[in-house]
Amino acid sequence: MDEQDDLRPPTQHLSEEECWRRIEAAPFGRIAVFAAGEVDIFPVNHVVDPGGVDGPAIVFRTAAGTKLLELTIHSHVAFEVDGYTDEDAFSVVVKGEARQLERQSEIEHAETLGVHPWAPESKDRWVRIQPTDVRGREFRR
């Protein structure tokens with residue numbers, strides 16, 4: 001089959017609102033961090049914090065280790081969720097600034113958001129990604 005025979009509609013860009021709906025519905029996402037000249041990607045369980053003045057943000061729990069160290073060295077990160085059904089597929093990418101939550105009021109708020117890590121290890125650190133860019137697309141399969 002060549003490109004002229006493909007009768008599917010073209011890839012569609014998702015609105016920012018639809019991107020946030022897809023992020024909220026995704027059971028997990030992936031965070032890409034950059035440090036020491038390398039990019040690492042880690043799966044994370046996350047939630048969307050509807051936010052306040054700065055708008056919505058992504059919040060996840062983690063443990064002390066590579067991921068946390070790398071994002072404290074270089075806070076600019078990318079976060080991605082994707083999914084598919086029998087009919088379509090989508091991908092959403094968020095670029096933004098990540099920071100570990102340190103104030104007790106921030107941690108208490110994060111604890112009310114319902115993040116439940118799948119991994120059995122203790123995840124006692126909280127990270128918030130404040131987006132600078134949110135983009136997504138979908139296409140018929």
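This report walks through the fold, the salt bridges, the aromatic contacts and a few buried spots of the chain shown above.

**Overall picture**

Please keep in mind that the model is predicted. Its secondary structure comes to 3 helices and 8 strands, and reading from the N terminus the elements follow the order β-α-β-β-β-β-α-β-β-α-β. Along the principal axes, the C-alpha atoms fill a box of roughly 55 × 35 × 30 Å. Of the 141 residues in the chain, 38% are buried. The exposed surface comes to about 8800 Å², with carbon and sulfur atoms supplying 50% of it. Sequence-distant contacts are well represented: among contacts between residues at least 6 apart in sequence, 68% join residues at least 24 apart.

**Salt bridges**

Side chains of opposite charge can pair when their charged atoms come close. The structure holds 11 salt bridges, and the table includes three of them.

| Salt bridge | Closest N and O atoms |
|---|---|
| E18 and R21 | 2.4 Å |
| E138 and R22 | 2.9 Å |
| R30 and D82 | 3.6 Å |

E18 and R21 sit together in helix α1, 3 residues apart, which is about one turn of the helix. E18 is buried at 17% relative accessibility, whereas R21 is partly exposed at 40%.

The bridge between E138 and R22, with its closest N and O atoms 2.9 Å apart, has a longer reach along the chain. Because E138 belongs to strand β8 and R22 to helix α1, this pair ties together parts that are 116 residues apart in sequence. R22 is buried, with a relative accessibility of 17%, while E138 counts as partly exposed at 22%. These four residues also join E17 in a network of salt bridges, made up of E17, E18, R21, R22 and E138.

R30 and D82, at 3.6 Å between the closest N and O atoms, link two strands. R30 lies in β2 and D82 in β6 (residues 76–84), so this bridge ties together parts 52 residues apart in sequence. R30 is partly exposed at 28% relative accessible area, and D82 is partly exposed at 39%.

**Aromatic rings**

R22 has another partner: it lies over the face of F90, at 4.7 Å from the ring centre.

How many aromatic pairs does a search of the whole structure find? The search finds 1. F28 and W118 meet edge-to-face, 5.5 Å centre to centre and with 65° between the planes. The pair links distant parts of the chain, 90 residues apart: F28 is in the loop between α1 (16–25) and β2 (29–35), and W118 is in the loop between α3 and β8. F28 is partly exposed, with a relative accessible area of 31%, and W118 is exposed at 58%.

**Buried spots**

Strand β5 (residues 55–62) is mostly covered, with 6 of its 8 residues buried. It pairs with strand β8 (residues 125–140) in the antiparallel sense over 5 bridges, and V59 stands opposite R128 in β8.

R128 also appears around A98, a residue of strand β7 (residues 88–100). Leaving aside neighbours within four places in sequence, A98 is in contact with L71, S75, V77, V127, R128 and I129. Is A98 buried or exposed? At 5% relative accessibility, A98 counts as buried.

Finally, E106 in helix α3 (residues 104–111) is buried as well, with a relative accessible area of 12%. Not counting residues up to four places away in sequence, E106 touches R99 and L101.

Conventions. Residues numbered from 1 in each chain as written. Predicted model: local features only at pLDDT ≥ 70, side-chain atom pairs only at ≥ 80, totals over all residues. Heavy atoms only, no water. Helix = DSSP H or I, 4+ residues; strand = E, 2+ residues; numbered from the N terminus. Buried < 20%, exposed > 50% of the residue type's maximum accessible area, 1.4 Å probe, protein only. Contact = heavy atoms within 4.5 Å. Pairing = 2+ DSSP bridges. Phe/Tyr/Trp six-rings, centres within 6.5 Å; stacked < 30°, edge-to-face > 60°. Lys NZ or Arg CZ within 6 Å of the ring centre and 35° of its normal. Areas by Shrake-Rupley, 256 points an atom, 1.4 Å probe, with all protein chains shown as cover. Salt bridge = Lys/Arg side-chain N within 4 Å of Asp/Glu carboxyl O.
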